[in-house]
Amino acid sequence: MMKQHHNQKTVSTSHTKDMTTGNPYKLMLEFALPIFLSQVFQQLYNTADALIVGKYLGTNALAAVTSSGTLIFLMISFFMGTAMGGGVVISKYFGAGDGNQVSKAVHSLIAFGIASGLLLTVIGVAFTPTFLVWMQTDPGVMPEAVTYFRYYFMGALAMVMYNICRSIMNALGDSRRPLYYLIFSSVLNVALDLVFLAVFGMGVGAAAVATVISQAGSVVLCMMHLLKKGNLFTVELSKIRFYRESFGEIIGFGLPSGVQNSVIALANVIVQSQINSFGAMAMAAYGTHAKIEGFAFLPITSFNMACTTFISQNLGAKQYGRAKKGAAFSILAAVFLAQLIGICYYLFAPQLVGFFDKTPGVVAFGVQQARTVSLFYCLLAFSHSVAAVCRGAGKAFIPMLIMLSVWCVIRILYIMLVMRYTGQIQHIYMAYPITWGISSVIYLLYYLFCDWVHGFDRKD
């Protein structure tokens, strides 16, 4: 198999990056930078909605848009986690030089994306009011939240397919094209938001429509690239189907990641429902904090995505020592950056929250949450970084188990207790650093004392 390694990868060296040779630290930095910029523009989708909606439609509309964030993540997280598993399979075979298996994994992943996108559309549109009632959405916010959420999920196929295409390209070491396509779609999104809301005075549904149109544009660009002939990963429409062996591997590696994402999202929805009981200003502040934290954690997320691809390719090529070096570098860099970001957020929380909404009540709630959690970002980064290493090594069950027990069960039990005995919103915020600390201890023990580098070998 390894005799094919170099020949197959030279089919399209301009579109893929072999991370099994060269300086590992330089490769990871070069790979992570476009991912970071891509993540920035990805965040611009929802942030542009929040900023423009808050400016032109007011606090209730802002609460409607931002409060739907955790619910949207819950709905898509399972499918996105499974797509991450597909990326691991593609990276593994790319590292091993097996072009035939790369092709089967790519086509199976696209088939999964189409099926899950259509399913998500039906579920999201049909059950929007029910989900929002479960989340105890403020009655004054409910009509606009239902409108925004339903329009958003009418474009679920585009949302899922962009992430599927990005997973494929990232798995092959191409982190630049997803960046270029997102720049285009993000600029389009902002322009459409301004036209729909500022010029024509349309409501929150138009903000969702702008996001859907923009995401669809990025999918068209991605597919145009993947359909090009002569590449290792060339997509042929007639080959898009579920290849039994490849799809089985995708599910095997991806299902635990999907469950993990869903567990985190479920816990956040429960937190959101408790926050919602404090009223519209608390809802707007919580959503605003989520936007800021999303931006703040982009460098860490980028390192984690680069790490997963690096680990998968190198373990596929059986370069165990190189995989260990990349993992250690990624974890240390993520923890350092996270703590630096957390300190900055703590110091400038009033200005950052006020950038979205200057209402005194919203700023007060937002600053309180920021200053409760931001100094513990190093723990969050460590947990996510070791989870990324585990996923890259084909050990996705481990982070799923940790997240299920700590970030879901323990977090929910803690919130139920504090809401019963204190009813103070700050104690809800404390659920995050407490559970981050517990998971970090468990991850440290696993990383130091368990044999994660031979995860693929046991499956071969």
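A polar contact, as used here, is a pair of N or O atoms within 3.5 Å, where one must be able to donate a hydrogen and the other to accept it. Keep that handy for the second exercise. The model you're looking at is predicted.

**Exercise 1. Check the overall build of the chain: what radius of gyration would a compact globule of 460 residues have, and what does the protein chain have?**

Start with the secondary structure: the protein chain has 19 helices and 0 strands. Next, the size. For 460 residues the globule rule gives a radius of gyration near 23 Å, and the chain comes out at 21 Å, which agrees. Along the principal axes, the C-alpha atoms fill a box of roughly 65 × 50 × 35 Å.

Now look at burial and contacts. Of the 460 residues, 59% are buried. Take the contacts with a separation of 6 or more: 84% of them join residues 24 or more positions apart. Finally, the accessible surface is about 17,500 Å², and carbon and sulfur atoms own 70% of that.

**Exercise 2. Take helix 8 apart: does its length fit or clash with 1.5 Å a residue, and what holds the side chain of S167?**

Length goes first. Helix 8 covers residues 156-171, so its 16 residues should span 22 Å at 1.5 Å a residue; the end C-alpha atoms sit 23 Å apart, which agrees.

Then burial. Because 15 of the 16 residues are buried, helix 8 is largely enclosed by the rest of the structure.

Zoom in on S167, which is in helix 8. Its relative accessible area is 15%, so S167 is buried, the cut-off being under 20%. The side chain of S167 reaches the backbone oxygen of N163 at 3.0 Å. Skip residues up to four places away in sequence, and S167 touches A83, M84 and G87.

Past the helix comes G173, with a positive phi near 85 degrees.

**Exercise 3. Find the centre of the nonpolar packing: how many residues does the largest nonpolar core have, and which have the most contacts inside it?**

The count is 131 residues, and the ones with the most contacts inside that core are I90, L120, F153, I168, I311 and W452. Pick F153 and list its partners beyond four places in sequence: I72, M75, I76, L120, T121, G124, V125 and M159. As background, nonpolar side chains tend to be buried together in soluble globular proteins.

**Exercise 4. Follow Q42 to its partners: is Q42 buried or exposed, and which residues does it contact?**

Q42 belongs to helix 2 (residues 24-57). With a relative accessible area of 18%, Q42 is buried. Leaving out neighbours within four places, its contacts are Y162, R166, L182, S186 and Q215. For a long-range pair, try Q42 and L179: they're 137 residues apart along the chain, yet their C-alpha atoms are separated by 9.2 Å.

Helix 10 takes in residues 204-226. Run the length check there too: 23 residues should span 33 Å, and the end C-alpha atoms are 34 Å apart, which agrees. Helix 10 is mostly covered, with 17 of its 23 residues buried.

**Exercise 5. Work out the backbone at K318: is its phi positive or negative?**

Locate K318 in the loop between helix 13 (298-316) and helix 14 (320-356). Its phi is near 60 degrees, a positive value in a residue other than glycine. For context, most residues other than glycine have a negative phi. As for the surface, K318 has 46% relative accessibility, so it counts as partly exposed.

Note on methods. Residues are numbered from 1 along each chain as its sequence is written. This is a predicted model: local features need pLDDT of at least 70, side-chain atom pairs count only at pLDDT 80 or more; totals for chains, interfaces and linings use all residues. Side-chain values use heavy atoms; hydrogens and water are left out. Helices (H or I, at least four residues) and strands (E, at least two) are DSSP runs, numbered from the N terminus. The expected span of a helix is 1.5 Å times one less than its number of residues. Buried means under 20% relative accessible area, exposed over 50%, partly exposed in between (1.4 Å probe, protein chains only). A nonpolar core is a set of buried Ala, Val, Leu, Ile, Met, Phe, Trp, Tyr and Cys residues joined through side-chain atoms within 4.5 Å. Contact means heavy atoms within 4.5 Å. The radius of gyration is taken over C-alpha atoms; the globule rule is 2.2 Å times the number of residues to the power 0.38. Accessible areas come from the Shrake-Rupley method with a 1.4 Å probe; for residues, only the protein chains shown count as cover.
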